[in-house]
Amino acid sequence: MSKLFDKYTELKRNNSNKYYLFKSGIFYIFIDQDALYMSPILNLKLTHLNEKILKCGFPINNIDKYYSIFKTLQLDIDIVENNNSKNTQSINCNEFIFNIDTKKFLQDISSINPYSLSISEAFQYLEDIQEKANILLKKIKL
């Protein structure tokens, strides 16, 4: 059928209780039975991946919005980022979001030029870093 569907069936064989969200271009999509289940819950339109396989999804920049829904509904979702490789691994949605947030946090820290800050700006920046670090620490405890 398709490499994406083959990967989906392989993952479902390994753990049929999880839902798998695949990165496809600029979208994250659920396919087949996962799409049928998620479509009404997330209010996503069902379309066809091909003549036999259904899909539904959302733009990748909306992951935070849908992550909060997944978390609220306690859905067990793994994200599959690189589905073109034979060694494609899925990652739990909580860990995936934590990794994104950690990368953003580190990029924010590394982008600052400490020599360009006044003392009050530096103090404010340190407070912001502390607040973001505390948020990340709370996510670790999930």
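This note goes through the predicted model of one chain, from its overall form to single residues.

1. Elements. The chain holds five helices and six strands. Read from the N terminus, the order of these elements is α-β-β-α-β-β-α-β-β-α-α. The strands are a good place to begin with the fold, and points 4 to 8 return to them.

2. Overall form. The radius of gyration of the chain is 19 Å, whereas a compact globule of 142 residues would come out near 14 Å. The C-alpha trace spans about 60 × 30 × 25 Å along its principal axes. Of the contacts in the chain with a separation of 6 or more, 51% are between residues 24 or more positions apart.

3. Surface and charge. Of the 142 residues, 30% are buried. The chain exposes about 9400 Å², and carbon and sulfur atoms supply 53% of that area. There are 18 positive and 16 negative charges in the chain, and the mean positions of the two groups lie 6 Å apart.

4. The sheet. In what order do the six strands lie in the open sheet? The order is E3-E4-E2-E1-E5-E6, and the pairing is mixed. E3 and strand E6 (90-92) are the edge strands, since each of them pairs on one side only. A student tracing the sheet should note that the order in the sheet, E3-E4-E2-E1-E5-E6, is to be kept apart from the numbering, which runs from the N terminus.

5. E2 and E4. Strand E2 (residues 27-31) and strand E4 (residues 54-59) run antiparallel and are joined by five bridges. Tyr-28 has Phe-58 in E4 as its bridge partner. Phe-30 stands opposite Cys-56, also in E4. Is E2 buried or exposed, for the most part? Four of its five residues are buried, so E2 is largely enclosed by the rest of the structure. Buried here means a relative accessible area under 20%.

6. E1 and E2. On its other pairing, E2 meets strand E1 (residues 19-24) in the antiparallel sense, over three bridges. Phe-22 of this pair has Ile-29 in E2 as its bridge partner. E1 and E2 form a hairpin with two residues between them. Gly-25 sits in the turn and has a positive phi of about 65 degrees.

7. E3 and E4. E3 pairs with E4 over two bridges, again in the antiparallel sense. The bridge partner of Thr-47 in E4 is Lys-55. These two strands also form a hairpin, with five residues between them.

8. E5 and E6. Three bridges link E5 and E6, which pair in the antiparallel sense. Ile-79 stands opposite Ile-91 in E6. As stated in point 4, E6 is an edge strand.

9. Positive phi outside glycine. Most residues other than glycine have a negative phi. Two residues are worth a look for this reason. Asn-43 has a phi near 60 degrees, which is positive in a residue other than glycine. Gln-74 is another such residue, with a phi near 55 degrees.

10. Where these two residues are. Asn-43 lies in the loop between helix H2 (32-42) and strand E3 (47-48). Gln-74 lies in the loop between helix H3 (63-72) and strand E5 (77-80). Are Asn-43 and Gln-74 buried or exposed? Asn-43 counts as exposed because its relative accessibility is 70%, and the cut-off for exposed is over 50%. Gln-74 is exposed as well, with a relative accessible area of 72%.

11. Ser-111 and Cys-56. Ser-111 is found in helix H4 (residues 93-111). Its relative accessibility is 59%, so Ser-111 counts as exposed. How far apart are the C-alpha atoms of Ser-111 and Cys-56? They are separated by 37 Å, and the two residues are 55 residues apart along the chain. Cys-56 belongs to E4, where it stands opposite Phe-30.

Technical notes
Residues are numbered from 1 along each chain as its sequence is written. This is a predicted model: local features need pLDDT of at least 70, side-chain atom pairs count only at pLDDT 80 or more; totals for chains, interfaces and linings use all residues. Side-chain values use heavy atoms; hydrogens and water are left out. The radius of gyration is taken over C-alpha atoms; the globule rule is 2.2 Å times the number of residues to the power 0.38. Buried means under 20% relative accessible area, exposed over 50%, partly exposed in between (1.4 Å probe, protein chains only). Contact means heavy atoms within 4.5 Å. Accessible areas come from the Shrake-Rupley method with a 1.4 Å probe; for residues, only the protein chains shown count as cover. Lys and Arg count as positive and Asp and Glu as negative; His and the chain ends are not counted. The place of a charge is taken as NZ of Lys, CZ of Arg, CG of Asp or CD of Glu. Two strands pair if DSSP finds at least two bridges between them.
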